[in-house]
Amino acid sequence: MSTKMPPRPTSKAVSAPIRVPKMHNVISVASGKGGVGKTWFSITLAETLAKRGARVLLFDADLGLANVDVQLGLTPRRDLGGVLQGRLGLGQAVTPYDDGGFDILAGRSGTGTLAQIPPPKLAGLGNDLSGLAKQYDHVILDLGAGIDRVVRQIACWAGTSLVVTTADPTSLTDAYAYVKVMHQADPEIDMRIVVNQADTKRDGERTFQSLAKACNNFLGFQPQLLGVIRRDRKVADAIRAQTGLLSRHPSSDAATDVAKAVEVLLEEV
Ligand SMILES: Nc1ncnc2c1ncn2[C@@H]1O[C@H](COP(=O)(O)OP(=O)(O)OP(=O)(O)O)[C@@H](O)[C@H]1O
Ligand SMILES: [Mg+2]
């Protein structure tokens, strides 16, 4: 009889975290500060990509304070709440949004508990998404504001990380904080800045330069500018009408700027 004992499992093997692979076709939309236009930009990005013929899934990853469905006037019968309760598979919670030509995974608003989702459960959701993402050309994650654990964990799934900021100093400070923690978590991260609600393109570029300078000075790297989106009253008009900007005001300044940002994005994604 052999006296060799099988190796004892190490505690590391037992408690190893479930890793979610980075998904090259997943684009996260984050900001740090709330209210800068993440959800509106995510929807318009989805509309623009879909209009170019891409298969797009918009995932409302603002767990607990979801509002993609509110901006689009939808009342989805199924949402992520059912998935997290184990009643639905992720694919079963997808709602087609025919007016925009893309699919939506609706969040569940008003359930603060979803924001407290434990890491292994969130990782399970990420792994399910990596299966579902294969059916799409692009998956867009509309993240919640802030840089808490859930936001950071979900953001790590994305192959491309977009950070939305305005010229407002608090928005810029929070965007910098987001860039910093994500860069520390993954120095190879593909991070691009979207300056939203800019008075002019030139102003937006100046806003980007001040953020890029801070990143360069203090973090030793510089994120790229994806695009400048001008402030446009038609954005609020479309949101009030609970419809996408592209179907209501396809030639508006903001729609034109998002289309330009998409051109830049597709050059490299
Ligand atoms: N380019 C723009 N021009 C004019 N108004 C804009 C523009 N982008 C966003 N807004 C306005 O900003 C408001 C907030 O947008 P939105 O809800 O998308 O922000 P958010 O970052 O997702 O907020 P939260 O952090 O609460 O999720 C909208 O009601 C919209 O009217
Ligand atoms: Mg939002």
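Start by selecting L58 and I104: I104, in strand 4, is the bridge partner of L58. Strands here are DSSP runs of type E with at least two residues, helices are H or I runs of at least four, and both are numbered from the N terminus. What you have open is a predicted model, in which local features need pLDDT of at least 70, side-chain atom pairs count only at pLDDT 80 or more, and totals for chains, interfaces and linings use all residues. Residues are numbered from 1 along each chain as its sequence is written, while chains are lettered from A and ligands numbered from 1 in the order in which they are written.

**Stop 1: strand 2 and its partners**

Now widen the selection to strand 2, residues 56-61. With strand 4 (residues 102-105), strand 2 pairs in the parallel sense over three bridges; two strands pair if DSSP finds at least two bridges between them. Add strand 5 (residues 138-143), which runs parallel to strand 2 and is joined to it by six bridges. In that pairing, look for L141 opposite F59.

Are the two faces of strand 2 covered or uncovered? Both are covered: V56, L58 and D60 are buried on one side, and L57, F59 and A61 on the other. A residue is buried if 20 or more other C-beta atoms lie within 10 Å of its own, exposed if 12 or fewer, and partly exposed in between, with C-beta atoms placed from the backbone.

Show the surroundings of L58 next. Setting aside residues up to four places away in sequence, L58 touches S42, I43, A46, V68, F102, I104, I140 and D142. Contact means that two C-beta atoms, placed from the backbone, lie within 7 Å.

**Stop 2: I104 and the hairpin**

Return to I104 in strand 4. Why does I104 count as buried? Because I104 has 26 C-beta neighbours inside 10 Å. Beyond four places in sequence, I104 touches L58, D60, V68, P76, T95 and Y97. Try a distance label between the C-alpha atoms of I104 and V56: the two residues are 48 apart along the chain, and the separation is 8.5 Å.

Select strand 3 (residues 94-97), which runs antiparallel to strand 4 and is joined to it by four bridges. V94 stands opposite L105 in strand 4. Four residues lie between the strands of this hairpin, where G101 takes a positive phi near 75 degrees.

**Stop 3: helix 2 and the core**

Go to helix 2, residues 38-51. Its 14 residues reach 20 Å from first C-alpha to last, close to the 20 Å expected at 1.5 Å a residue; the expected span is 1.5 Å times one less than the number of residues. Helix 2 is largely enclosed by the rest of the structure, because 13 of its 14 residues are buried. After helix 2 comes G53, whose phi is positive, near 95 degrees.

Colour the largest nonpolar core, which has 78 residues; V29, A46, L58, I140, L141, V163 and V194 have the most contacts inside it. Helix 2 supplies the largest share of this core, seven residues. Such a core is a set of buried Ala, Val, Leu, Ile, Met, Phe, Trp, Tyr and Cys residues joined through C-beta atoms within 7 Å.

**Stop 4: L246**

Pick L246 in helix 10 (residues 245-248). L246 counts as buried because it has 24 C-beta neighbours inside 10 Å. Leaving aside neighbours within four places in sequence, L246 is in contact with T44, E47, T48, K51 and A255. The C-alpha atoms of L246 and T48 are separated by 7.4 Å, although the residues are 198 apart along the chain.

**Stop 5: ligand 1**

Which residues come nearest to ligand 1? Of the 19 around it, they are G34, G37, K38, T39 and W40. Helix 2, strand 7 and helix 9 (233-240) are the elements that give two or more residues to this shell. A residue is near the ligand if its C-beta atom, placed from the backbone, lies within 6 Å of it.

**Stop 6: helix 7**

Finish with helix 7, residues 169-185, whose end C-alpha atoms are 24 Å apart, in agreement with the 24 Å that its 17 residues should span. Its buried residues are S171, L172, D174, A175, Y176, Y178, V179 and M182. Show what covers them, including strand 1 (23-30), helix 6 (149-155), strand 6 (158-165), strand 7 (191-198) and helix 8 (201-219).
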